[in-house]
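Q: Please take me closely through one part of this structure, setting it in its wider context and explaining each term when it first comes up. I am new to this structure, so a careful and connected account would help me most.

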Amino acid sequence: MSEANMDETGKAGKNDPALNWAHPVSNLKANVAEKKAPNRVDGRQLLGALQGFGPMWQKTYTITLRDTKNSPAYIITTWKENFGRFWPSVNRFYAPITGIQPGEIGLIKGSVPGGLTLSTGVMVIYVDEESFTFMTPQGHIFAGWVTFSAYQDSNHTRVQVQVLMRSPDPLIEMALRMGGHRAEDKFWLQTLENLSRYFGEDARAQANIICLDKKIQWREIRNLRHNGIIGSTFYTFTAPVRLLGANRRKK
């Protein structure tokens, strides 16, 4: 890498856009700071919206920050460094050791409708000064991408979360129709409002939701074998058996 593509800290600079993208991978491997984080991502593959099962949705959540002293780049830097801090308390984000950088994987422990727990994660596929994008793996609550961005709009700064998604399988599609979509919308709206309060404002977030494709992709019913809710629930209920086996091996 030439010196023209490095900044004063030794990190990749904006003169080489290719450095903003993650390299292709066949199987995921998480490396988070908290070693006890629930990891049901290793060995899995990424699953985009094109490989999902249900209708394709584009969900755009935005909030307006009035204080122009906080530039889009500063907001995005702060967001990356404190990403899980702005989430509602029902979910937890385990950040990668090196932070939100292209190719890194964050782990997630969250609740889903029905009082169940889902252990999953995301891969960082793109990062620049004013945006970053996650892609979901097999077993996630949806198949697709989430892009976080900030941009100047007149005398204000708009902060945005945009989700392009399909349900990965029939069971998740049913859960989304029975309240999962509303829960997802509420989650991101609250995240943006938590972010605005961090910057000393009390703004209200808004949602714009569009169905881009109503078709069901029945060929992707095979994603059911990776269903994260089934896997996480089975793992939870078999914990006593695994603990008993571990204790016996120690004797």
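A: The account below begins with the whole chain, turns to one pocket and the aromatic rings, and ends with some individual residues.

What is shown is a predicted model, in which local features need pLDDT of at least 70 and side-chain atom pairs count only at pLDDT 80 or more, while totals for chains, interfaces and linings use all residues. Residues are numbered from 1 along each chain as its sequence is written, and side-chain values use heavy atoms, with hydrogens and water left out.

The protein chain contains four helices and eight strands (DSSP runs numbered from the N terminus, H or I of at least four residues for helices and E of at least two for strands). Followed along the sequence, these elements come in the order β-α-β-β-β-β-β-β-α-β-α-α. Of its 251 residues, 46% count as buried (under 20% relative accessible area with a 1.4 Å probe and protein chains only, where exposed is over 50% and partly exposed lies in between). Among the contacts (heavy atoms within 4.5 Å) with a separation of 6 or more, 66% are made by residues 24 or more positions apart.

The part to look at closely is the second largest pocket, which holds about 560 Å³ of space. A pocket here is an open set of points on a 1 Å grid over the protein atoms alone where a 1.4 Å probe fits, with protein on both sides within 12 Å along at least five of seven lines, and lining residues have an atom within 4 Å of a point. Its volume is the space filled by probe spheres set on the points. There are 31 residues in the lining, and those nearest the centre of the pocket are Asn91, Ser111, Ala183, Glu184 and Phe187. Two or more lining residues come from each of the strands β3 (105-112), β4 (116-128), β5 (131-135) and β6 (143-153), and from the helix α2 (170-198). Helix α2 gives the largest share, with nine residues. By kind, the lining consists of 20 nonpolar, nine polar and two charged residues (Asp, Glu, Lys and Arg are charged; Ala, Val, Leu, Ile, Met, Phe, Trp, Tyr, Cys and Pro are nonpolar; the others, including Gly, are polar).

Phe187, one of the residues nearest the centre of this pocket, also leads to the aromatic rings. The model has 21 aromatic pairs (rings of Phe, Tyr and Trp, the last by its six-membered ring, with centres within 6.5 Å; planes under 30 degrees apart are stacked, over 60 edge-to-face, the rest tilted). In one of them, Trp87 and Phe187 have ring centres 5.1 Å apart and planes at 75°, so this pair is edge-to-face. Trp87 sits in the loop between α1 (72-81) and β2 (92-94), whereas Phe187 belongs to helix α2, and the pair thereby links distant parts of the chain, 100 residues apart. Both partners are shielded, since Trp87 is buried at 9% relative accessibility and Phe187 is buried at 10%. In another pair, the rings of Phe132 and Phe148 have centres 4.8 Å apart and planes at 20°, so they are stacked. Because Phe132 lies in strand β5 and Phe148 in strand β6, this pair ties together parts 16 residues apart in sequence. Phe132 and Phe148 are buried as well. These four residues belong to one aromatic cluster, whose members are Trp79, Phe83, Trp87, Phe93, Phe132, Phe134, Phe148, Phe187 and Trp188.

Two of the elements already named are worth following to further residues. Helix α2 also carries Glu173, which is buried at 6% relative accessibility. Beyond residues up to four places away in sequence, Glu173 touches Phe53, Gly54, Pro55 and Ser167. Helix α1 includes Tyr74, which at 44% relative accessibility is partly exposed. The C-alpha atoms of Tyr74 and Ala150 are 9.3 Å apart, although 76 residues separate the two along the chain.

After strand β6 comes the loop between β6 and β7 (156-166), where Ser154 is found. Ser154 has a phi near 60°, a positive value in a residue other than glycine, and with a relative accessible area of 61% it is exposed.

Last, strand β1 (residues 56-65) holds Thr60, which is buried with a relative accessible area of 11%. Setting aside neighbours within four places in sequence, the contacts of Thr60 are with Gln160, Val161, Gln162, Gln206, Ala207 and Asn208. From C-alpha to C-alpha, Thr60 and Leu164 are 8.8 Å apart in space, with their positions 104 residues apart in sequence.
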